[in-house]
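User: I should like to examine how the structural terms applied to this model are justified. Please set each value against its definition.

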Amino acid sequence: MIDLYYAPTPNGWKVSILLEECKIAYNVKYVNIMGGEQFAPEFLKISPNNRIPAIIDHDPLDGGAAISVFETGAIMEYIADKYGQFLPSDPRGRANVMQWLMWQMGGLGPMLGQHGHFKLYAPEKIPYAIDRYRSETERLYGVLDRQLANNKYVAGDYSIADMAIFPWVRTYKRQEIDLIYFPNVRRWYDLLKERPALRRGLDLGKELLNRNPQDNAKARKTLFGIKDKED
């Protein structure tokens with residue numbers, strides 16, 4: 001059994017989607033990131049970077065003690081390897097999927113995260129920061145669009161690369177990215193959103209989703225380090 005330490009965010013959705021697609025049983029351990037539970041000592045033991053998601057696998061393939069894994073790329077590779085799904089076993093196919101998974105982790109996620117922060121959450125709207133990260137966001141959408149021009153999915157068959165990228169592309173409306181300029185991303189997005197398992201992964205804990213954490217003083221301080229004047 002796998003314990004999933006989770007909150008409904010783009011990074012959390014990556015792993016909940018994969019677990020649903022693999023059709024395996026798992027326990028959800030909700031982490032209140034607005035309230036700072038990600039900084040609790042017991043959580044830091046499995047996620048020393050104090051970020052969700054993280055997992056504990058109580059039934060690892062070697063039959064030994066439970067294994068904990070943090071960072072979404074490492075988690076997704078671990079699960080895909082354990083269950084033999086959504087990650088090719090041949091060297092070429094595996095390398096193709098892994099490079100796009102790393103592209104999401106090193107590029108798309110961080111850059112969209114920064115664009116979203118400065119555009120939506122920052123108390124001061126800094127034009128340079130917004131323009132800088134929007135330009136990079138649009139560049140990355142262009143990279144993805146070109147890759148999908150001749151590929152149904154990002155890296156061959158449907159894989160963990162698609163599952164990692166989709167939750168961040170899902171934020172396109174909030175980030176005011178017009179998919180009319182990225183028709184291949186639009187086609188891919190519409191294809192994936194019809195997958196029942198993907199929908200289940202996105203729906204996990206949706207009642208806890210807070211799209212406006214900047215409106216809550218504790219969340220502002222916990223997530224963004226923004227202190228109110230009285231602090």
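User: Which residues touch the most other members of the largest nonpolar core?

Analyst: This is a predicted model, in which local features need pLDDT of at least 70 and side-chain atom pairs count only at pLDDT 80 or more, while totals for chains, interfaces and linings use all residues. Residues are numbered from 1 along each chain as its sequence is written, and side-chain values use heavy atoms, with hydrogens and water left out. Among the 55 residues of the largest nonpolar core, those touching the most other members are Ile79, Tyr141, Leu144, Ile160, Val169, Val185 and Trp188. At least two core residues come from each of β1 (2-6), α1 (10-22), α3 (72-83), α4, α5, α6, α7 and α8 (196-203). A second core, of nine residues, lies apart from it and includes Tyr5, Val31, Ile33 and Ile46.

User: What makes a set of residues a nonpolar core?

Analyst: The members must be buried Ala, Val, Leu, Ile, Met, Phe, Trp, Tyr or Cys residues joined through side-chain atoms within 4.5 Å. Buried means under 20% relative accessible area, exposed over 50% and partly exposed in between, with a 1.4 Å probe and protein chains only. In soluble globular proteins, nonpolar side chains tend to be buried together.

User: Why is the pair of Tyr141 and Phe182 called tilted?

Analyst: Rings of Phe, Tyr and Trp (its six-membered ring) pair if their centres lie within 6.5 Å; planes under 30 degrees apart count as stacked, over 60 as edge-to-face and the rest as tilted. The centres of Tyr141 and Phe182 are 5.3 Å apart and their planes meet at 45 degrees, so the pair is tilted. Tyr141 belongs to helix α5 (residues 127-148) and Phe182 to the loop between α6 (160-169) and α7 (183-192), so the pair ties together parts 41 residues apart in sequence. The whole structure holds ten aromatic pairs.

User: Are Tyr141 and Phe182 buried or exposed?

Analyst: Tyr141 has a relative accessible area of 1% and is therefore buried. Phe182, at 12%, is buried as well.

User: What makes the pair of Phe166 and Trp188 tilted?

Analyst: Their ring centres are 6.0 Å apart and their planes stand at 55 degrees, so the pair is tilted. Phe166 lies in helix α6 and Trp188 in helix α7, so parts 22 residues apart in sequence are tied together. Phe166 counts as buried at 0% relative accessibility, and Trp188 likewise at 0%. One aromatic cluster is formed by Phe166, Tyr172, Trp188 and Tyr189.

User: How do you know that the span of helix α4 agrees with its number of residues?

Analyst: Helices (H or I, at least four residues) and strands (E, at least two) are DSSP runs, numbered from the N terminus. The expected span is 1.5 Å times one less than the number of residues. For the 31 residues of α4 (residues 91-121) this gives 45 Å, and the end C-alpha atoms are 42 Å apart, which agrees. Helix α4 bends by about 40 degrees at Gln104, the bend being the angle between axes fitted to the seven residues ending there and the seven starting there.

User: Why is Gly63 called exposed, and why is Cys22 called buried?

Analyst: Gly63 has a relative accessible area of 62% and therefore counts as exposed; this residue is in the loop between β3 (54-57) and β4 (67-70). Cys22, in helix α1, has a relative accessible area of 6%, so Cys22 is buried.
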